[in-house]
Amino acid sequence: MNSLNHRPLSGVAHALLGAVVLAFLMTVFPGSALAQISSSTKFYPPSESAKFFRVSSMTPFNSVDRGMSITEHPDKLSIQAPLIGCRSSVVALNEGVTRNWKIGYVQVLLDSTVHITYEKGLNAWVIPQLPINDSVGTDYPFQWGKKGCAWGYATANVYWEDAFSNNISWGQALPGGKMDPDSRLTGYSRDQSFVDWLIAYDTQNDRVFIIKETRWEWHVKIEVNPDAPLGQRARVSDLRMRAYFPKDIMPTVDTAWFNAPAANFAQKLKTLEYYGSDEI
């Protein structure tokens, strides 16, 4: 805290300051301060989007050929998946609309099964309700928040990218913060599917135009030999990523997929099976 003496703002001053800040935000980022996709938002398919926007380039990328990064620590197994994503440039066919349009990628996790197997049981990362928004949670609905969307330009350069990482204990984590070190880690698997929509969000008229849809999925399996020495226990037995452009977009779009909570904030580690002592 600095040494300047100051008095707290009055209620009127707070209101005036808030109005000034809001006016500034609405001028620099039109529609962004109050915009939120809701049940009243109108959605339009790519056939309608083509009247306003054209994808001038779309470049998928991935580092799957580099494989999974695995590090064995004394207390845990750390895994880091390769990066995958796509960079795109979108041209507004009518420059007059760009000021109120936010363009970027929205990622939705459609299905997820993440299992961690132990000698005495099974843990899992569980998400109560699927599908669900899968973003960093800073500027819904866009996957990478303000870094991943653009507005106010005749050409918008946007991207999506994704990778996952996990720290997995060698012993089985149990409810109540307990752990059974004798229930040793034997495996890890992840099967997930996603949809990524390249969208244009008209914040002034509350419209969402789906410009392009991408589907992709992860399939990962790691086998662990708990009797092997540290540094030689884990090996990747399956690592597959499939990405494709579907012929038809999803027939149903739920506005809940565009709002909080994001998947990373909703998931919980749960013990699904345990065959140890009731006292643990």
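Reader: Buried means under 20% relative accessible area, exposed means over 50%, and partly exposed lies in between. Which of these classes does glutamate 48 fall into?
Author: This is a predicted model, and in it glutamate 48 has a relative accessible area of 28%. Glutamate 48 is therefore partly exposed, because partly exposed covers the range between 20% and 50%.

Reader: What does the side chain of glutamate 48 meet?
Author: The side chain of glutamate 48 forms a salt bridge with that of lysine 51, at 3.1 Å from N to O.

Reader: And lysine 51, is that buried or exposed?
Author: Lysine 51 is exposed, because its relative accessible area is 54% and the class begins over 50%.

Reader: How many salt bridges does the count come to?
Author: The count is ten salt bridges. One of them joins the side chains of arginine 184 and aspartate 227, at 2.9 Å from N to O. That pair connects distant parts of the chain, with the two positions 43 residues apart in the numbering: arginine 184 is in strand 13 (residues 178-202), and aspartate 227 is in the loop between strand 14 (207-224) and strand 15 (234-244).

Reader: Which residue is linked with Arg184 and Asp227 in a network?
Author: Glu119 is linked with Arg184 and Asp227 in a network of salt bridges. As for accessibility, arginine 184 is partly exposed at 28%, whereas aspartate 227 is exposed at 60%.

Reader: Which residue does glutamate 217 meet in a salt bridge?
Author: Glutamate 217 meets arginine 242 through their side chains, at 4.0 Å from N to O. This pair also links distant parts of the chain, from glutamate 217 in strand 14 to arginine 242 in strand 15, 25 residues apart. Glutamate 217 counts as buried because its relative accessibility is 19%, under the 20% limit. Arginine 242 is partly exposed, with a relative accessible area of 45%.

Reader: A change of topic, to cysteines. How many disulfides does a search of the whole structure find?
Author: The search finds zero disulfides. Cysteine 86 is buried, at 3% relative accessibility, and cysteine 149 is buried too, at 7%.

Reader: Pockets next. How much space lies in the largest pocket, and which residues are closest to its centre?
Author: The largest pocket holds about 380 Å³ of space. It is lined by 25 residues, and those closest to its centre are Asp134, Asp162, Ala163, Phe164 and Asn264.

Reader: Which elements give two or more residues to that lining?
Author: They are strand 6 (101-118), strand 10, strand 11 (165-169), strand 13 and helix 3 (263-266). Strand 6 contributes the most, with four residues. By class, the lining of the largest pocket consists of twelve nonpolar, nine polar and four charged residues.

Reader: Strand 10 is on that list. Which of its residues are on the covered face?
Author: Strand 10 spans residues 155-162, and its covered face carries Ala156, Val158, Trp160 and Asp162. The uncovered face carries Thr155, Asn157, Tyr159 and Glu161.

Reader: In what sense do strand 5 and strand 10 pair?
Author: Strand 5 (residues 84-92) and strand 10 pair in the antiparallel sense, over eight bridges. Within this pairing, serine 89 stands opposite asparagine 157 of strand 10.

Reader: What volume does the second largest pocket have?
Author: The second largest pocket has a volume of about 180 Å³. Among the residues that line this pocket are Pro128, Ile132, Asp254, Trp257, Ala260 and Pro261. The classes in its lining are eight nonpolar, three polar and one charged.

Reader: Ala260 and Pro261 are on that list. Is the peptide bond between them cis or trans?
Author: Alanine 260 and proline 261 are joined by a cis peptide bond, with omega about 5 degrees. Proline 261 is in the loop between strand 15 and helix 3. The peptide bond from tyrosine 140 to proline 141 is cis as well, with omega near 5 degrees; proline 141 is in the loop between strand 8 (132-133) and strand 9 (149-151).

Reader: One last backbone point: what is phi of aspartate 206?
Author: Phi of aspartate 206 is near 55 degrees, which is a positive value in a residue other than glycine. Aspartate 206 is in the loop between strand 13 and strand 14.

Technical notes
Residues numbered from 1 in each chain as written. Predicted model: local features only at pLDDT ≥ 70, side-chain atom pairs only at ≥ 80, totals over all residues. Heavy atoms only, no water. Disulfide = S-S within 2.5 Å. Buried < 20%, exposed > 50% of the residue type's maximum accessible area, 1.4 Å probe, protein only. Pairing = 2+ DSSP bridges. 1 Å grid on protein atoms, 1.4 Å probe; cavity = no way out; pocket = protein on both sides within 12 Å on 5 of 7 lines; lining within 4 Å. Points joined across faces, edges and corners; volume = space filled by probe spheres on them. Nonpolar A, V, L, I, M, F, W, Y, C, P; charged D, E, K, R; others polar.
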